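Hi,

Here is the structure I said I would pass on. Have a look at it first, and then read my notes underneath.

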Amino acid sequence: MNTYEKKMLIRQMFRNLRFFCLPMAESRRKYIVKHQVFASCGENLFWQPRKLPSDPKCIRLGNNVVVAADVTFINHDVIYLLINRMGKGPCKEHLGCIDVGDNVFIGLGSKIMDGVRIGPNAIIAAGSVVTKDVPAGSVVAGVPAKVIGSFDATVEKQLAASAETRGDSRFSEERIRDAWARFENNARSSM
């Protein structure tokens, strides 16, 4: 590793530490926009993860993208180290890009692999591993992620559930009581 690469790694470590310490998603969004962290970033980004991807310049984010906590964008691998240490090289580190369209939700703990394009109006369910392109207007889930539904149907379901929800704050006692009542009713009906 040459001096320039060492300097860049140290700079990246300090940037990541500073970013990790930002307390709220809104402060992280402001940091991302101000420092032009990604190759491109549209309007209305919500970024809940406390860490930045290793290669953010290989990621494009569209408008109205919501990224839940612990989402990982994987743009490179380190298998080249194994190959080179086996004397099979020289092998260079792989680097790939990720493109996220407009109106995309990426659920908690998901992993997005390189070479993936997530179409507009898409939902990635929590815990999914996205290894292939996600079609526009779809909901994907699983390991590896597969299409399980449509964006429009999920939006309609969420709106219907929201209309039945009482209270404006997730901390209101009325809303918490209603959540427990729904939970108990669902448990009884599934027996």
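Below is what turned up, going from the pockets to the sheet and then to the aromatic rings.

One thing before you start: this is a predicted model.

**Pockets**

The largest pocket holds about 540 Å³ of space. Its lining is made up of 14 residues, and the ones nearest the centre are Glu5, Met8, Leu9, Gln12 and Asp55. If you want to find it on screen, go to helix H1 (residues 3-20), which gives the most to that lining, with seven residues. The lining is a mix by class: six residues are nonpolar, three polar and five charged.

The second largest pocket has about 310 Å³ of space. Thr154, Val155, Lys157, Gln158, Leu159, Ala161 and Ser162 line this one. Here the split is three nonpolar, three polar and one charged.

**The sheet**

Next, the strands. Six of them make an open sheet with mixed pairing, and the order across it is S2-S4-S7-S10-S12-S13. Strand S2 (46-47) and strand S13 (146-150) are the edges, each pairing on one side only. As a reminder, strands in a sheet pair through backbone hydrogen bonds, either parallel or antiparallel.

Which sense do S4 and S7 use? Strand S4 (residues 65-67) runs parallel to strand S7 (residues 104-106), and three bridges join the two. To line them up by eye, start from valine 65, which stands opposite valine 104 in S7.

**Aromatic rings**

There are four aromatic pairs in the model. In one of them, phenylalanine 38 and tryptophan 47 have ring centres 5.2 Å apart and planes at 50°, so the pair counts as tilted; the tilted class takes in angles that are neither under 30 degrees nor over 60. Are these two residues buried or exposed? Both phenylalanine 38 and tryptophan 47 are buried. The two rings also belong to one aromatic cluster, formed by Phe38, Trp47 and Phe73.

Finally, there is a charge over a ring to look at: arginine 50 lies over the face of phenylalanine 20, at 5.0 Å from the ring centre. Phenylalanine 20 falls within the range of helix H1 (residues 3-20), so you can pick up this contact while you have the helix on screen.

Cheers

Technical notes:
Residues numbered from 1 in each chain as written. Predicted model: local features only at pLDDT ≥ 70, side-chain atom pairs only at ≥ 80, totals over all residues. Heavy atoms only, no water. 1 Å grid on protein atoms, 1.4 Å probe; cavity = no way out; pocket = protein on both sides within 12 Å on 5 of 7 lines; lining within 4 Å. Points joined across faces, edges and corners; volume = space filled by probe spheres on them. Helix = DSSP H or I, 4+ residues; strand = E, 2+ residues; numbered from the N terminus. Nonpolar A, V, L, I, M, F, W, Y, C, P; charged D, E, K, R; others polar. Pairing = 2+ DSSP bridges. Phe/Tyr/Trp six-rings, centres within 6.5 Å; stacked < 30°, edge-to-face > 60°. Buried < 20%, exposed > 50% of the residue type's maximum accessible area, 1.4 Å probe, protein only. Lys NZ or Arg CZ within 6 Å of the ring centre and 35° of its normal.
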